[in-house]
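Colleague: I have this model open and would like a close look at one part, the aromatic rings. Please start there and then follow the chain to whatever connects with them.

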Amino acid sequence: MIDSTSWRSALLELFGGAFAFAAAGPRRHEDWRRDVQAVMALEASDLRKWECINCPPPTSNVEKTEIKPFADLCVEEFDSLLYGVGRRSATQLLVALQGLHYQAANIPDFEARKEQLFKCAELILSRFGQEATYYTNAAEARGNFDPDLLNPDTEWNRLSDFTTDCGLIIVADSEVGVFWAFDED
């Protein structure tokens, strides 16, 4: 059973110490893209008041106290930037996001940590229920609902102003989740 303690632990295991964003927000609109946009723009907060992570790569804009890691996107842009994936691919991607180039093979001590990382990914997904839908910007998912995203050899549609970014959006009836990693040269 997921609670705020297990949620925090799973987030820190998967995203702690990385250039990452992990947050949830409420579903307030029929069009889930508007709710995702609000989370990305830091205009929505977790109704459960559970931990979130907002640690993008350093930027020269030191005026902001809370850095918004995503570009200003119109909701219609999500249609060309995101691809639907199944739960297996979503689980793999949550694990892979912490690896260099978003590949699990680049996670230090991956084989020794694999079981725990997948357990954390499943815990995060469990918050959103079995009926949730999943979206990613990994081009490998274009036209393939069930790609292997553990070690994708792909390109990513950028949703930020950083060199690369890759992530997972989760849409449930009552809330959305945004889980993202960034890289900057």
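Modeller: Happy to. A good place to begin is a single aromatic cluster made up of Trp7, Phe15, Trp50, Phe128 and Phe179. Please keep in mind throughout that this is a predicted model.

Two of the cluster's tryptophans also have an arginine over the ring. Arginine 127 lies over the face of tryptophan 7, 4.5 Å from the ring centre. For tryptophan 50, the partner is arginine 48, whose charged end sits over the ring at 4.8 Å from its centre.

Over the whole structure there are 11 aromatic pairs. One of them joins tryptophan 32 to tyrosine 135 in a stacked arrangement, with the centres 4.5 Å apart and 20 degrees between the planes. Tryptophan 32 belongs to helix H2 and tyrosine 135 to strand E4, so this pair ties together parts that lie 103 residues apart in sequence. Tryptophan 32 has a relative accessible area of 18%, under the 20% cut-off, and therefore counts as buried.

The next residue to visit is arginine 33, also found in helix H2. Arginine 33 is a charged side chain that counts as buried, at 14% relative accessibility. Leaving aside residues up to four places away in sequence, arginine 33 touches Val75, Glu76, Phe78 and Asp79.

Tyrosine 135 gives us a way into the loop between E4 and E5, where proline 147 is found. The C-alpha atoms of proline 147 and tyrosine 135 are 12 Å apart, with the two positions 12 residues apart along the chain. Proline 147 is buried, at 1% relative accessibility. Its contacts, again without residues up to four places away, are Val85, Arg88, Ser89, Gln92, Glu140 and Ala141.

Ser89 and Gln92 from that list are also among the buried residues of helix H4. H4 is mostly covered, as 9 of its 10 residues are buried. Besides those two, the buried set holds Arg87, Ala90, Thr91, Leu93, Leu94, Val95 and Ala96. These buried residues pack against H1, strand E3 (83–85), H5, E4, E5 and E6.

That brings us to H5, which lists H4 among its own partners: its buried residues pack against helix H1 (4–15), helix H4 (87–96), strand E4 (133–136), strand E5 (164–171) and strand E6 (175–183). The residues of H5 that are buried are Phe110, Leu117, Cys120, Ala121, Ile124 and Leu125. The spacing makes sense in general terms: an α-helix has 3.6 residues a turn, so residues three or four places apart point the same way.

The helix also has a bend: H5 is kinked by about 30 degrees, centred on glutamine 116. What about its length? With 17 residues (110–126) at 1.5 Å a residue, H5 should span 24 Å, and the end C-alpha atoms are 23 Å apart, which agrees.

Cysteine 120 of H5 is buried, at 4% relative accessible area. You may wonder how many disulfides a search of the whole structure finds. The count is 0. For cysteine 120, the nearest cysteine sulfur is that of cysteine 52, 18 Å away. Cysteine 166, buried at 0% relative accessibility, is also without a partner, because the closest cysteine sulfur, in cysteine 55, is 17 Å away and too far for a bond.

Cysteine 52 leads back towards our starting point, since it lies in the loop between helix H2 (32–40) and strand E2 (53–55). Cysteine 52 counts as partly exposed, at 47% relative accessibility. Beyond residues up to four places away in sequence, it touches Leu11, Ala22 and Ala23. The C-alpha atoms of cysteine 52 and isoleucine 67 are 13 Å apart, and the two residues are 15 places apart along the chain.

Lysine 49 is found in the loop between H2 and E2 as well. Lysine 49 has a positive phi of about 65 degrees, although it is not a glycine. It counts as exposed, at 71% relative accessibility. Histidine 101, in the loop between H4 and H5, has a positive phi too, near 60 degrees. Histidine 101 is partly exposed, with a relative accessible area of 44%. Both backbone angles may catch your eye, because most residues other than glycine have a negative phi.

Key:
Residues are numbered from 1 along each chain as its sequence is written. This is a predicted model: local features need pLDDT of at least 70, side-chain atom pairs count only at pLDDT 80 or more; totals for chains, interfaces and linings use all residues. Side-chain values use heavy atoms; hydrogens and water are left out. Helices (H or I, at least four residues) and strands (E, at least two) are DSSP runs, numbered from the N terminus. The expected span of a helix is 1.5 Å times one less than its number of residues. The bend at a residue is the angle between axes fitted to the seven residues ending there and the seven starting there. Buried means under 20% relative accessible area, exposed over 50%, partly exposed in between (1.4 Å probe, protein chains only). Contact means heavy atoms within 4.5 Å. A disulfide is a pair of cysteine sulfur atoms within 2.5 Å. Rings of Phe, Tyr and Trp (its six-membered ring) pair if their centres lie within 6.5 Å; planes under 30 degrees apart count as stacked, over 60 as edge-to-face and the rest as tilted. A charge sits over a ring if NZ of Lys or CZ of Arg is within 6 Å of the ring centre and within 35 degrees of the ring normal.
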